[in-house]
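Biologist: Could you walk me through this structure, one small step at a time? I am new to this and would love to see how each answer is reached.

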Amino acid sequence: MSSFSAPAAAASTNPKITTIVDQISQLTLLETADLVSNLKTRLSIPDMPMGGFAAPAAAAPAAPPEEDEPAPAVEEKTLFTLTLKSFEATAKPKIIKEIKQMLGLSLVDSKKFVESAPKMMKEGVPKDEGEKIMETIKGLGGVVVME
């Protein structure tokens with residue numbers, strides 16, 4: 001019973017928060033996704049790539065006990081991070097459209113993404129795919145760096 005009293009005590013400290021949590025918990029999955037999208041836009045929260053910061057943190061402690069370190073080093077040489085460095089002002093609409101299609105962002109998010117260049121586009125991209133993306137953006141008037 002103490003497990004119920006601790007959350008209840010924490011939730012009852014602010015009735016406004018309790019009401020919001022109750023409302024959010026009744027949303028469908030699509031409504032929740034829409035809520036997240038609207039909050040990101042309103043609060044100017046940038047999209048984080050999948051895996052974010054948790055993956056490197058988890059990999060670092062696990063690496064020392066294991067002796068299979070050379071295998072990940074080989075993977076790092078074949079997987080790259082793509083960064084949109086810059087673009088020509090006249091090419092901005094084309095770059096926004098391509099980013100929208102490539103990253104699956106909304107038009108507004110794509111515009112914000114492009115305007116915030118230099119910005120990381122994708123990570124863990126194979127070399128051949130990265131080169132295709134670089135050529136596509138270069139053809140539109142942008143500069144992408146593969147690191």
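Modeller: Happy to, and let's begin with a term: a residue is called buried when its relative accessible area is under 20%, exposed when it is over 50%, and partly exposed in between. Please keep in mind that this is a predicted model.

Biologist: Thanks! With that rule, is Lys111 buried, exposed or partly exposed?
Modeller: Lys111 has a relative accessible area of 40%. Buried would need a value under 20%, and exposed one over 50%. Lys111 lies between those limits, so the class is partly exposed.

Biologist: Which secondary structure elements does the protein chain have, and how many of each?
Modeller: Reading along the sequence gives the pattern α-α-α-α-α-β-α-α-β-α-β. In that pattern α stands for a helix and β for a strand. The total for the protein chain is eight helices and three strands.

Biologist: What share of the residues of the protein chain count as buried?
Modeller: The protein chain exposes about 10700 Å², with carbon and sulfur atoms supplying 63% of that area. To count as buried, a residue must have a relative accessible area under 20%. Of the 147 residues, the share that does is 15%.

Biologist: Let's look at helix H7. Where do its buried residues lie around the axis, and which residues are they?
Modeller: The buried residues cover an arc of only 95 degrees around the axis, which puts them on the same side of H7. What covers them includes strand S1 (79-87), helix H6 (92-103) and strand S2 (119-126). The buried residues of H7 are Ser110, Phe113 and Val114.

Biologist: Which backbone nitrogen does the side chain of Ser110 reach?
Modeller: Ser110 sits in helix H7, residues 107-115, and is buried, with a relative accessible area of 0%. Leaving out residues up to four places away in sequence, Ser110 touches Ile96, Ile99, Lys100 and Leu105. At a distance of 3.4 Å, its side chain reaches the backbone nitrogen of Lys100.

Biologist: Now for the salt bridges. Which residue's side chain meets that of Lys92 in a salt bridge?
Modeller: Lys92 is in helix H6, and its partner is in helix H7, 23 residues apart. The N to O distance is 2.7 Å, inside the 4 Å limit for a salt bridge. Lys92 is partly exposed at 24%, and at 38% so is the partner, Glu115.

Biologist: Why are Lys111 and Glu115 separated by about one helical turn?
Modeller: Their side chains meet in a salt bridge, 2.8 Å from N to O. Both residues belong to helix H7, and the separation is about one helical turn because they are four residues apart.

Biologist: How many salt bridges are there in the count, and which residues are joined into one network?
Modeller: The count comes to three salt bridges. One of them pairs Glu129 with Lys122 at 3.7 Å, N to O. Salt bridges that share partners make one network, and the residues joined in it are Lys92, Lys111 and Glu115.

Biologist: One last stop: about what area does the nonpolar surface patch with Ile24 have?
Modeller: Ile24 is part of helix H2, residues 15-25. Its relative accessibility is 37%, so Ile24 counts as partly exposed, and patches take residues with over 30%. Together with Ile17, Ile20, Val21 and Leu27, Ile24 makes a patch of about 390 Å².

How values were computed:
Residues are numbered from 1 along each chain as its sequence is written. This is a predicted model: local features need pLDDT of at least 70, side-chain atom pairs count only at pLDDT 80 or more; totals for chains, interfaces and linings use all residues. Side-chain values use heavy atoms; hydrogens and water are left out. Patches are made of residues with over 30% relative accessible area and no salt bridge: like charges are joined within 9 Å, nonpolar side chains (Val, Leu, Ile, Met, Phe, Trp, Tyr) within 5 Å. Accessible areas come from the Shrake-Rupley method with a 1.4 Å probe; for residues, only the protein chains shown count as cover. Helices (H or I, at least four residues) and strands (E, at least two) are DSSP runs, numbered from the N terminus. Buried means under 20% relative accessible area, exposed over 50%, partly exposed in between (1.4 Å probe, protein chains only). A polar contact is a pair of N or O atoms within 3.5 Å; within protein, one must be able to donate a hydrogen and the other to accept it, and residues adjacent in sequence count only if both atoms are side-chain atoms. Contact means heavy atoms within 4.5 Å. The arc is that of the directions from the helix axis to the C-beta atoms.
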